[in-house]
Amino acid sequence: MKKIYELIAPCHFGLEAVLKREILDLGYEISCVEDGRVTFLGDAEAIAIANVFLRTAERILLKVGSIHAETFDELFEGTKALEWEKYLPADARFWVAKATSVKSRLFSPSDIQSIVKKAIVERLKGVYGLSWFKEDGAQYPIRIFLMKDEAVIGLDTTGESLHKRGYRKLTAKAPISETLAAALIMLTPWKKDRILVDPFCGSGTFPIEAAMMAAGIAPGMNRSFLAENWTNLMARRCWYDAVEEAQDLIDDTVETDIQGYDIDGEVIRVARENARLAGVEHMIHFQKRPVSELNHPRKYGFVITNPPYGERIEERENLPALYQEIGRAFSRLDSWSEYVITSYDQAEKYIGKKADKNRKIYNGMIKTYYYQFLGPRPPKKETGKRFE
């Protein structure tokens with residue numbers, strides 16, 4: 001009988017519902033949805049499948065246990081009581097990579113990390129009969145979340161965050177992360193047979209993520225994961241099978257109309273190179289073009305974009321004029337739907353219309369707004385025909 005684990009998938013705050021839907025689509029049972037993470041049940045194969053296929057998760061953690069800890073003594077004893085030997089072999093290289101504390105009596109990340117490491121060492125000393133560990137085997141980074149004195153401890157199966165797809169070797173200024181871009185696209189009704197334009201494409205993340213979705217390219221199939229070396233917990237065959245399944249699902253011959261524009265020609269060069277590395281360069285039309293020239297002869301398309309929002313003080317005075325220009329471009333696309341993520345809270349005012357929906361999303365530590373201006377639905381054609 002396969003062992004079932006609790007697996008934790010952190011995500012951007014405000015996008016838990018998108019990740020939940022992804023996990024359900026993979027066929028796994030959700031056990032808990034909290035701010036910034038979704039917990040689900042799965043076996044060893046699920047660890048590989050989740051890492052390879054999930055577009056909106058930041059990483060996949062294997063939950064070791066949870067404890068109540070108001071003091072460092074409670075944290076030490078609670079951590080020591082967990083059955084670490086079921087997860088960490090005697091040669092494991094393990095460390096507490098990150099500690100997060102919210103509304104808890106224990107709040108010093110460095111002290112929490114130190115106590116948890118010491119507790120695990122004490123546990124394993126007794127189990128393995130060793131007084132010193134070489135730690136020259138596979139890597140098992142540990143993460144701990146404290147919320148209102150309740151600590152959840154897990155092993156990081158992923159390593160580098162899942163937003164590291166492997167295609168973005170070059171970046172433009174203030175790029176949006178791949179996981180966030182994917183989630184924002186998935187919050188829209190866009191499908192691969194509909195037009196998508198990003199007039200501020202930067203490194204090309206929105207167009208590339210959309211093209212990967214259209215072609216069925218799994219986001220994690222061209223990178224490695226730490227748990228590939230956890231042969232005590234899962235066979236390497238799990239990873240081979242997940243990647244093989246991902247390869248079988250690819251259809252990069254699909255016809256798309258995905259476009260990315262930017263006013264900076266060098267940025268467009270970067271975007272093209274990133275698209276080439278992602279295997280979707282042939283699916284996207286990149287062009288040097290200002291937002292003032294945004295237009296399209298076809299109807300019922302989508303704009304999904306992350307325009308500048310004045311990270312630097314000297315840039316902020318230019319924002320009213322920029323967002324007015326965005327508004328004029330949108331007025332020329334009167335049958336289109338537009339989706340804009342920005343931290344600029346005056347965006348609606350200068351775009352010149354109120355968004356039909358507005359969703360607050362945290363992009364790192366920055367509070368942003370996802371303004372959704374919904375256009376009309378395209379008329380249905382005869383059965384079997386695609387939308388215009």
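**Entry 1: helix α2**

I started with what packs over α2, and the cover on its buried residues includes β1 (5-10), α1 (16-25), β3 (37-42), β4 (61-68) and α7 (237-248). Note to self: this is a predicted model.

How many residues of α2 are buried? I get nine of its ten, so I'm calling the helix mostly covered. The buried ones are A44, A46, I47, A48, I49, A50, N51, V52 and F53.

**Entry 2: nonpolar cores**

Next I looked up where α2 ends up in the packing. The largest nonpolar core has 100 residues, and W84, I144, L155 and V280 touch the most other members. Helix α2 (residues 44-53) gives this core its largest share, eight residues.

I picked L155 for a closer look. Leaving out residues up to four places away in sequence, L155 touches I60, L61, L62 and V64, then W84, Y87 and L88, then Y140, P141 and I142, and finally W230. W84 turns up twice in my notes, as a contact of L155 and as one of the core members with the most contacts.

There is also a second, separate core, with 23 residues, including V291, I326, V340 and Y344.

**Entry 3: the largest pocket**

Then I went looking for open space. The largest pocket holds about 870 Å³. Which residues lie nearest its centre? I noted C11, F13, G36, K98 and F145, out of 23 lining residues.

On strands, β5 (93-102) and β6 (139-147) each put at least two residues into the lining. The largest share comes from β6, with four residues.

I sorted the lining by class as well: nine residues are nonpolar, seven are polar and seven are charged.

**Entry 4: cysteines**

C11 had come up at the pocket, which led me to check for disulfides. I searched the whole structure and found zero.

Why is C11 unpaired? Its sulfur sits 12 Å from the closest cysteine sulfur, in C32, and that is too far for a bond. I count a disulfide only when the two sulfurs are within 2.5 Å. From the other side I get the matching result: for C32 the closest cysteine sulfur is in C11, at 12 Å, so no bond there either.

Is each of the two buried or exposed? C11 is buried, at 7% relative accessible area. C32 is partly exposed, at 30%.

Terms used. Residues numbered from 1 in each chain as written. Predicted model: local features only at pLDDT ≥ 70, side-chain atom pairs only at ≥ 80, totals over all residues. Heavy atoms only, no water. Core = buried A, V, L, I, M, F, W, Y, C linked by side-chain atoms within 4.5 Å. Buried < 20%, exposed > 50% of the residue type's maximum accessible area, 1.4 Å probe, protein only. Contact = heavy atoms within 4.5 Å. 1 Å grid on protein atoms, 1.4 Å probe; cavity = no way out; pocket = protein on both sides within 12 Å on 5 of 7 lines; lining within 4 Å. Points joined across faces, edges and corners; volume = space filled by probe spheres on them. Nonpolar A, V, L, I, M, F, W, Y, C, P; charged D, E, K, R; others polar.
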